[in-house]
Amino acid sequence: AFHARIPKSLKLWKQARGVMPNGVPMSWMLGLHRHAPVFASKGEKAWFIDVDGNRYLDMNLSDLSATTGFGHPAITRAVARQAARGAQFLLPAEDSIIVSELLKERTGMPFWQFTLSASGANAEAFRLARLATGRRRILMFDGKYHGHFDEVLVKRSGRSARPSLLGTSPASGRDVTIIPFNDADALAAELKRGDVACVITEPALTNVNLVLPNPGFHDALRKLTRKHGSLLVIDEAHTMQMAYGGL
């Protein structure tokens with residue numbers, strides 16, 4: 001019955017399979033639903049419309065990348081204005097100062113750098129942590145999602161980590177340890193080893209539904225990382241939007 005409502009999407013999907021694996025821009029999109037993929041046409045506020053004219057309420061907010069909705073007039077005007085002036089130059093622009101000052105005001109963190117993706121941000125954070133500490137090991141929590149590069153695409157296997165995706169290098173989990181979230185004792189035991197460059201976590205886990213920190217867990221996390229000389233990386237790709245200045 002649903003497929004009967006999306007004939008244009010089905011036609012486009014057939015065409016797309018001639019130029020894209022699975023007929024979608026990113027192959028995992030085919031696994032999002034039990035039906036054929038819907039081809040989007042446009043968006044209006046919290047809704048999007050497919051090529052057949054069907055209207056959908058987006059309860060996923062495009063995986064939290066569209067929390068302002070679709071086609072907000074102020075954002076549309078700003079993007080169009082900048083596109084007319086040039087989208088990028090590989091040079092600094094005044095807007096980068098304005099954004100950095102706003103982020104500083106919101107978070108209290110004094111300095112800011114920009115990357116092309118959240119995955120890129122975490123990869124750079126790991127490099128900075130290793131440079132600053134002279135250590136190699138990265139500590140993460142079970143249930144995490146920190147991007148789409150090999151070192152974070154691993155799952156827990158005892159004290160070790162092993163690849164969670166096909167094609168990932170077996171060595172990708174060599175310097176990664178994964179422990180349970182909200183387990184301050186396990187955290188303390190790992191940090192005592194003195195070889196952890198950084199601990200990375202979301203303030204609340206968002207890739208396994210929503211897992212909140214236990215009372216006092218973040219205080220313990222901050223105290224223990226400082227005590228043992230490990231840096232703390234807070235990955236707020238999602239939770240920055242839940243409160244002013246971040247969760």
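In this predicted model, ring pairs join Phe141, Phe181 and Phe217 into a cluster. Counting ring pairs across the structure gives five aromatic pairs. Take Phe141 and Phe217 to begin with: their rings meet edge-to-face, 5.7 Å centre to centre, with 70° between the planes. Phe141 belongs to strand β4 (residues 137-141) and Phe217 to helix α7 (residues 217-227), so this pair ties together parts that sit 76 residues apart in sequence. Both Phe141 and Phe217 are buried. The rings of Phe181 and Phe217 also pair up, with centres 5.2 Å apart and planes at 70°, so this pair counts as edge-to-face too. Here again distant parts of the chain are linked: Phe181 comes from the loop between β7 (176-179) and α6 (184-191), Phe217 from helix α7, and 36 residues separate them. How much of Phe181 is accessible? Its relative accessibility is 11%, and because buried means under 20%, Phe181 counts as buried. For Phe217 the relative accessible area is 4%.

Two other residues have contacts with members of this cluster. Thr201 sits in strand β8 (residues 196-201) and is buried, with just 1% relative accessible area. Setting aside neighbours within four places in sequence, Thr201 is in contact with eight residues that include Phe141 and Phe181; also on the list are His146, His218, Leu221, Val233, Ile234 and Asp235. Leu205 lies in the loop between β8 and α7, and at 3% relative accessible area Leu205 is buried as well. Not counting residues up to four places away in sequence, Leu205 touches Phe181, along with Asp142, Gly143, Leu210 and Val211. Leu205 and Lys144 are 61 residues apart in sequence, yet their C-alpha atoms are 6.4 Å apart in space.

Now for the charges. Side chains of opposite charge can pair when their charged atoms come close. How many salt bridges does the structure hold? The count is nine. One of them joins Arg130 and Glu151, whose closest N and O atoms are 2.6 Å apart. Arg130 is in helix α5 (residues 118-133), while Glu151 is in the loop between β4 and β5 (154-157), so this salt bridge ties together parts 21 residues apart in sequence. Arg130 is partly exposed, at 21% relative accessible area, whereas Glu151, at 16%, counts as buried. Arg174 and Asp175 also meet through their side chains, at 3.5 Å from N to O. The two partners differ in cover: Arg174 is exposed, with a relative accessible area of 60%, but Asp175 is buried, at 14%. Arg137, Glu190, Arg193 and Asp195 are joined into one network by salt bridges that share partners. Another salt bridge brings together Glu44 and Lys42, at 3.8 Å from N to O, and Glu44 counts as partly exposed, with 36% relative accessibility.

Charges turn up over rings, too. The charged end of Arg17 sits over the ring of Trp13, 4.3 Å from the ring centre. Arg55, in turn, lies over the face of Trp47, at 4.1 Å from the centre of that ring.

Finally, what do Met26, Trp28 and Leu32 form on the surface? They make up a nonpolar patch, with about 350 Å² of accessible area together. Trp28, one of its members, is found in the loop between α1 (7-16) and β1 (40-44).

Note on methods. Residues are numbered from 1 along each chain as its sequence is written. This is a predicted model: local features need pLDDT of at least 70, side-chain atom pairs count only at pLDDT 80 or more; totals for chains, interfaces and linings use all residues. Side-chain values use heavy atoms; hydrogens and water are left out. Patches are made of residues with over 30% relative accessible area and no salt bridge: like charges are joined within 9 Å, nonpolar side chains (Val, Leu, Ile, Met, Phe, Trp, Tyr) within 5 Å. Accessible areas come from the Shrake-Rupley method with a 1.4 Å probe; for residues, only the protein chains shown count as cover. A salt bridge is a side-chain nitrogen of Lys or Arg within 4 Å of a carboxyl oxygen of Asp or Glu. Helices (H or I, at least four residues) and strands (E, at least two) are DSSP runs, numbered from the N terminus. Buried means under 20% relative accessible area, exposed over 50%, partly exposed in between (1.4 Å probe, protein chains only). Contact means heavy atoms within 4.5 Å. Rings of Phe, Tyr and Trp (its six-membered ring) pair if their centres lie within 6.5 Å; planes under 30 degrees apart count as stacked, over 60 as edge-to-face and the rest as tilted. A charge sits over a ring if NZ of Lys or CZ of Arg is within 6 Å of the ring centre and within 35 degrees of the ring normal.
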